[in-house]
Amino acid sequence: MEIKFQNTLTRKKELFKPLSPPKVTMYACGVTAYDESHLGHARAAVVFDVLFRFLRYVGFEVVYVRNYTDIDDKIIKRAHEVGVSPKELAERYIKSYDEDMRALKVLKPTYEPRATEHIPQIIALIERLIEKGFAYVVDGDVYFSVEKFPEYGKLSGRNLEELKAGARIAVSDKKRHPLDFALWKVEKPGEPSWESPWGRGRPGWHIECSAMAMHYLGETIDIHGGGLDLIFPHHENEIAQSEAATGKPFVRYWLHNGMVTVGREKMSKSLGNFVTIKQMLSRHHPEALRLFLLSMHYRSPLDYTEKVVGDHEKALEGFYETLFLIEKLEATEEKAPEGQKKNLAKIQELVENFENNFLSALADDLNTAKAIAALFTLEKGLNNLLKLCARKASRDHVILAQKGKSLAVKLAGELLGILEESPESFIENKRAKGLSNRALNRDEVEKLIKEREEARKAKDFEKADAIRDDLAKKGIILRDTPWGTFWKVEYEPSS
RNA sequence: GGCGGCGUAGCCAAGCGGUUAAGGCGACGGUCUGCAAAAUCGUUAUUCCGGGGUUCGAAUCCCCGCGCCGCCUCCA
């Protein structure tokens, strides 16, 4: 299968050819552990998680690294505010992020290195840069000299002149050029520090990614991912440091995800318009969240509204209900009726095309929106099939339905991380949650449903309808199927 | 100001030069149902922000304009 990615570096969609197949090396920028993570962080994590899953699925041996920044200005500042050590603070939020990732079913990367555990590698890289004349020491600080690296700006499409003109960064008389950036920062009182050839201090932000990427993945890596907002200066600086040190291309494919927005404005800590992952998880199923995050092509901005997340919640529920009904199917006939042959052939074709449609969507620059559309098309086919079986299911029907179901579950599960629960328990959990949200008693609800079924059998429709209306007022929705009455708690958008 | 991106039905959104412009949510009508719900079938963009141009052919490429967003400072 041909895999293509839009490469930020070349601004083109390119055929993906790993440096040494079947191995693929991949690095994604994780988080700075100084606060709870929000939906924007979740998007980045989920997008690159799907990329990781996809590459593995098609047969690559993927080594995936996602770092934690556990030492930096913001951590130190926050730690002082809260009154704990920076190490403790970072520890706390790394743990919290891990919880979020687990809940969101983001697979564990191969390595999750922390900056503070790679000080020797960082120092070695800085020494290499100093030796080669790309970095200089001033009073215990070490800076990278951007003017020594002629290609500086190639990722973000800028040049030094432009950058200098628009520079908003504080002028420092220590730096030779305003855009020179710190590789190593001299120790300040009350801050964590490590021994180095330039005295005690701590690493700058950008250097950790270069050092750790090279340490785990080699001097040239296949894929590097991160948010669009990291292109400049973070990724630009990573390129400069790494390529200056090694003389080799650092990254072959740069992939960047778009921002999550709120009212079309970037979700961010500073604007205060963020929702934490934990808040989202308290009101939505993790798979609904994944579905929402993957409903849009990863490069585009994704606007967050509760309504749209709710739409995906409903869509997910519909899917599980289809799967649930398929599980209930039992063949009572040997062959499907002649008259259904044409319809069945159509569904058969749909099922057979699904895998290819789904995978080729992902192979085309990870088009998850299109892959999800393929999934819905399959669902529609399966619902059609269920309809055909409503009266009499044959072996033909059941085999086809189960084939469709297992394909959907396999691909959606392994690649998108959705539809991984048993339909039965998904529906039960939903019910349990809905019941408790509405403070309803399950036995009572079930008793009423039974009573209504009795009434229906006795053709006492007045009573049956009264019960249904009563339940509806409480938020219980009934559905009479050939297999009995199915019920669920009405979806309630949270405020 | 510089660089990059976006603008497709009521809403979300795919589309990457060539048969009838995916899909989801919503709305309307038919089927199913005792009636509903769900499902299903059909309808809901003769047209892709506006204006030019290239081409046999453009939502897709180019130019101009309008609107929105991101980056240029820490940020997924």
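Which polar side-chain atom lies 2.3 Å from a base nitrogen of RNA strand B? In this predicted model, the atom belongs to D465, a residue that is also listed among the closest to the strand, together with K74, W205, G227 and L230.

Around these residues the wider surroundings of the RNA can be followed. In total, 54 residues surround RNA strand B, and of the strand's atoms that come within 4 Å of the protein, 60% belong to sugar and phosphate. Two further side chains show how the protein meets the sugar or linking oxygens of the strand: an N or O atom in the side chain of D311 is 3.1 Å from one such oxygen, while a polar side-chain atom of R479 lies 3.0 Å from a sugar or linking oxygen. Sorted by class, the surface near RNA strand B is made up of 23 charged, 17 nonpolar and 14 polar residues, and the element that gives the most to this surface is helix α12, spanning residues 368-389, with eight residues.

Helix α12 leads on to another feature of the protein, since it also supplies at least two residues of the lining of the largest cavity, as does α10, which covers residues 306-328. The count of cavities of 30 Å³ or more comes to one, and the largest cavity holds about 40 Å³ of space. Its lining is formed by L291, A315, L316, F319, L375, F376, I418 and L419, and α10 gives the most to this lining, with three residues. Whereas charged residues take part in the surface near the RNA, the lining of the largest cavity has eight nonpolar residues and no polar or charged ones.

Terms used
Residues numbered from 1 in each chain as written. Chains lettered and ligands numbered in written order. Predicted model: local features only at pLDDT ≥ 70, side-chain atom pairs only at ≥ 80, totals over all residues. Heavy atoms only, no water. Near = heavy atom within 4 Å. Polar contact = N/O pair within 3.5 Å; in protein donor to acceptor, adjacent residues only side chain to side chain. Helix = DSSP H or I, 4+ residues; strand = E, 2+ residues; numbered from the N terminus. Nonpolar A, V, L, I, M, F, W, Y, C, P; charged D, E, K, R; others polar. 1 Å grid on protein atoms, 1.4 Å probe; cavity = no way out; pocket = protein on both sides within 12 Å on 5 of 7 lines; lining within 4 Å. Points joined across faces, edges and corners; volume = space filled by probe spheres on them.
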